[in-house]
Amino acid sequence: MPEPVSSWADDIDENDASILPSPKEEIKGDTKIVTEYSFNQDGKKVKTIRTYKIEKKMVPKVIAQRKAWSKFGMSKNDKPGPNPQTTVVAEEIWMQFVANKEEAEKEQGEQSALDKLKATNKGVVKCRICKEDHWTTQCPYKDTLGPLKDSLSNVEREPGAGAPPTAAVAAPAPSQAGGKYVPPSKRGVEGRVGDTMPDKRRDDTAAIRVSNLSENVTEDDLQTLCKPFGHIARIFLAKDKTTQLCKGFAFVNYHSKESAAAAIAVLHRHPFDHLILSAEWAKPSGDR
C-alpha cells in the first residue's frame, strides 16, 4: 500500500505558533521547487511553493568568473545562487553602449519624425470636396458642398462680361516744340493724345455679404464655397478680437457682377455647416 502523504501542518509544533519551518529547495531535472512559509495579514500560516525552470546560457567569460566568487558578509554561508531572502530576481535589462552620441540622436530624430507622419496620416489622401486629409466618403461637408457643386452646373454665365469698353484713340496731333512733359491725365487735352492711368481700386458693386455663418468657419472654407462662381478679388471674414472666431458674416468681392449674382442665387438659403446661409448684395461703405 502507498504511504500516506503527511500534511505540512503536521511538521509544525502546535504549541509554538510563532515558529515557521525553514524554506526548502528541491531540484528535479531542469526544474527547481522552492517551498517557503510565512504569515498572512490575518496572522495565519501560509505555505508558498515556487517552481523555477533551470536554463543554461552562454555568458561572457568575465560574468562566469564573477559568478564563481565566494560570498561574504551575512551571506557568507549561503548556498551558490541567489538567496530569495536577500535577492530579488527580475527581468534582464540589456544596455546598449553608443560610441557616437550625435549619430544615435540623429537616427532617433528621423524615426520619431516618420512616426509622427504616420500617426497624423498627412498627405496620404485628399478629399475632392473640401480638400482636407480624409476620404471623400467621410467628408463632413458632403451633404452641403456636394449639392452646391451640382447646382453650379445649372448656372449660366455670360462669357466676356465685365470687360471695360475700349476707348477710341484720336489721331496724334503734331508735337509742340520744346518736348515738355505732359501728365497722363492731360494727354487728351488741346490736341494731345494719351491713355489714362488704370484705376486699380476695388469695385464694391461686385461685392456680396454672406451672413449666418458658423463660428468655426475660416477663410479657406469661404474660398472653397465661393470660388466656383468666378474669380475672387478679396475675402473679408469678420472675427472676434479675443477668440479669433467668426462673428457670423463675411464679405466676398468678385471681379464681375455676373459672378456675384450667380453666387447670391445659389448661396442664399443654402445649408452650410448645419446653418442656413443668407447672401445679398453688399451695401456701399457710406451707407453702412
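## Exercises on a predicted model

Helix α5 is followed by Arg269, whose phi is positive, near 65°. The model is predicted: local features need pLDDT of at least 70, side-chain atom pairs count only at pLDDT 80 or more, and totals for chains, interfaces and linings use all residues. Residues are numbered from 1 along each chain as its sequence is written, and side-chain values use heavy atoms, with hydrogens and water left out.

### Exercise 1: the chain

Task: state how many helices and strands the protein chain has, and give their pattern along the sequence.

Solution.
- Step 1. Helices (H or I, at least four residues) and strands (E, at least two) are DSSP runs, numbered from the N terminus.
- Step 2. On that basis the protein chain has 5 helices and 9 strands.
- Step 3. Along the sequence they follow the pattern β-β-β-α-α-α-β-α-β-β-α-β-β-β.
- Step 4. Buried means under 20% relative accessible area, exposed over 50%, and partly exposed in between (1.4 Å probe, protein chains only). Of the 288 residues of the protein chain, 19% count as buried.
- Step 5. Contact means heavy atoms within 4.5 Å. Among contacts in the protein chain with a separation of 6 or more, 46% come from residues 24 or more positions apart.

### Exercise 2: the nonpolar core

Task: find which elements each supply at least two residues of the largest nonpolar core.

Solution.
- Step 1. A nonpolar core is a set of buried Ala, Val, Leu, Ile, Met, Phe, Trp, Tyr and Cys residues joined through side-chain atoms within 4.5 Å.
- Step 2. The largest such core has 31 residues, and those with the most contacts inside it are Ile208, Leu213, Leu225, Phe229, Tyr254 and Leu267.
- Step 3. At least two residues each come from α3 (145-152), β4 (207-211), α4 (219-226), β5 (232-239), β6 (246-254) and α5 (257-267).
- Step 4. The largest share, 6 residues, is that of α5.
- Step 5. In α5 the buried residues are Ser259, Ala260, Ala262, Ala263, Ile264, Val266 and Leu267.
- Step 6. Not counting residues up to four places away in sequence, Leu267 touches Leu148, Leu225, Cys226, Phe229, Leu277 and Ala279.
- Step 7. As background, nonpolar side chains in soluble globular proteins tend to be buried together.

### Exercise 3: Ser211 and two positive phi values

Task: decide whether Ser211 is buried or exposed, then do likewise for Asn212 and Asp273.

Solution.
- Step 1. Ser211 belongs to strand β4. Its relative accessibility is 14%, so Ser211 counts as buried.
- Step 2. Neighbours within four places in sequence aside, Ser211 is in contact with Gly248, Phe249, Leu277 and Ser278.
- Step 3. Asn212 lies in the loop between β4 and α4. With 38% relative accessibility, Asn212 counts as partly exposed.
- Step 4. Asp273 is in the loop between β7 (271-272) and β8 (275-276). With 19% relative accessibility, Asp273 counts as buried.
- Step 5. Most residues other than glycine have a negative phi. Asn212 is not a glycine, yet has a positive phi of about 65°. Asp273, also not a glycine, has a positive phi of about 55°.

### Exercise 4: the strands β1, β2 and β3

Task: describe how β2 and β3 pair, and place Ile33 and Glu26 in their surroundings.

Solution.
- Step 1. Two strands pair if DSSP finds at least two bridges between them. Strands β2 (residues 31-39) and β3 (residues 45-53) run antiparallel and are joined by 9 bridges.
- Step 2. Phe39 stands opposite Lys45 in β3.
- Step 3. The hairpin of β2 and β3 has 5 residues between the strands, and Gly43 there takes a positive phi near 80°.
- Step 4. Ile33 is in strand β2. Ile33 and Arg50 are 17 residues apart in sequence, and their C-alpha atoms are 5.8 Å apart in space.
- Step 5. Residues up to four places away in sequence not counted, Ile33 touches Lys24, Glu25, Glu26, Lys28, Ile49, Arg50 and Thr51.
- Step 6. Glu26 is in strand β1, and at 40% relative accessibility Glu26 counts as partly exposed.
- Step 7. Apart from neighbours within four places in sequence, Glu26 is in contact with Thr31, Lys32 and Ile33.
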